[in-house]
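Student: I am new to this structure. Please choose a single part and take me through it closely, after a brief word on the whole.

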Amino acid sequence: ARMVSAFFYRCHSPNQDCYGVNKSFCRQGMSLRKCREEFGFEPVDFESYVYNYTEYSNVYTRMFGQNKFAYGYTPISQEDAEKAKDMLARYAFVGLQEHKLRKPGASLMSALLRVNAFDMDVYKHGILLFCRAIDSIIKEIGDMFWRPDLAPAARGQYETHCGGIQGTGR
């Protein structure tokens, strides 16, 4: 969802390169027509973005594990993903909000997961940290944790992300 949202959001794809990631990309505010006519730029479709523009993938790992700007050409390693996971544990709260968009087809989704493998590893670790924190609270205060007006939705989210298994020491 993050990469789909980024592609369609201005500045996070080669079609509107606000950050100057690559000198040959179309700059923000410049029409695609002008980019084509003056610079020979051809708009990048989503499939090409996924397969060919690795400078836009694994942004969480780059930011948390390398302490660098989200986009760029710096190679990313498993060590960076481990650093990112350690960094996540230092925060009381990390939020992520993406626009709800139509999911890509199965083969493209598989490619998305593959090119963002480090981010997926970091994300799963973030979920694990979240579940451990909720498990600890539930263990301490019990069912009082679930506010009656929010209980069905909250428990649903908890079960979706954490499996609803309490006290497992995840």
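Tutor: Accessible areas here come from the Shrake-Rupley method with a 1.4 Å probe. On that basis, the protein, which is a predicted model, exposes about 11000 Å². Carbon and sulfur atoms supply 55% of that exposed area. Buried residues, those under 20% relative accessible area, make up 36% of the 170 residues.

The protein contains 8 helices and 0 strands, and its elements run α-α-α-α-α-α-α-α from the N terminus on. Among the contacts with a separation of 6 or more, 56% are accounted for by residues 24 or more positions apart.

The part chosen for the close look is helix 4, which spans residues 59-66. How many of the residues of helix 4 are buried? The count is 6 of 8, and helix 4 is thus mostly covered. The buried residues are Val59, Tyr60, Thr61, Arg62, Gly65 and Gln66. As for what covers them, the buried residues of helix 4 pack against helix 1 (2-8), helix 5 and helix 7. Two of these partners, helix 5 and helix 7, are examined below.

Consider helix 5 (residues 78-88) in relation to helix 4: the two axes come within 7 Å and cross at roughly 70°. Angles of 65 to 115 degrees count as roughly perpendicular, and helix 4 and helix 5 are therefore roughly perpendicular to each other. On the side of helix 4, the residues that meet helix 5 are Thr61, Phe64, Gly65 and Gln66. Their counterparts in helix 5 are Asp80, Ala81, Lys83, Ala84, Met87 and Leu88. Sorted by class, this contact of helix 4 with helix 5 has 5 nonpolar, 3 polar and 2 charged residues.

The next partner is helix 7, whose axis comes within 7 Å of the axis of helix 4, with a crossing angle of roughly 65°. That angle makes helix 4 roughly perpendicular to helix 7. Here Val59, Tyr60 and Thr61 of helix 4 meet Phe118, Asp119 and Val122 of helix 7. By class, the contact of helix 4 with helix 7 has 4 nonpolar, 1 polar and 1 charged residues. Thr61 of helix 4 takes part in the contact with helix 5 and in the contact with helix 7.

Helix 7 itself covers residues 117-141 and has 25 residues. From its first C-alpha to its last, helix 7 reaches 36 Å, close to the 36 Å expected at 1.5 Å a residue. Its buried residues are Asp119, Val122, His125, Ile127, Cys131, Ile134, Asp135 and Ile138. Asp119 and Val122, which meet helix 4, are thus among the buried residues of helix 7. Another residue placed in helix 7 is Leu129, which is partly exposed, with a relative accessible area of 23%. Leaving aside its neighbours within four places in sequence, Leu129 is in contact with Lys85, Leu88 and Ala89. Leu129 and Lys85 are 44 residues apart in sequence, yet their C-alpha atoms are 9.4 Å apart in space. Leu88, one of the contacts of Leu129, is also a residue of helix 5 that meets helix 4. Just after helix 7, Gly142 takes a positive phi of about 70°.

The two flanks of helix 4 complete the picture. Most residues other than glycine have a negative phi. Which value does phi take in Asn58? It is near 55°, a positive value in a residue other than glycine. Asn58 lies in the loop between helix 3 (46-52) and helix 4, and Asn58 is buried, with a relative accessible area of 6%. At the other flank, helix 4 is followed by Asn67, whose phi is positive, near 55°. Asn67 is placed in the loop between helix 4 and helix 5. Is Asn67 buried or exposed? At 70% relative accessibility, Asn67 counts as exposed, whereas Asn58 is buried.

Definitions and conventions:
Residues numbered from 1 in each chain as written. Predicted model: local features only at pLDDT ≥ 70, side-chain atom pairs only at ≥ 80, totals over all residues. Heavy atoms only, no water. Axes fitted to C-alpha atoms, helices over the stretch in contact; angles between N-to-C directions. Helix = DSSP H or I, 4+ residues; strand = E, 2+ residues; numbered from the N terminus. Parallel < 35°, antiparallel > 145°, perpendicular 65-115°, else oblique. Contact = heavy atoms within 4.5 Å. Nonpolar A, V, L, I, M, F, W, Y, C, P; charged D, E, K, R; others polar. Expected span 1.5 Å × (residues − 1). Buried < 20%, exposed > 50% of the residue type's maximum accessible area, 1.4 Å probe, protein only.
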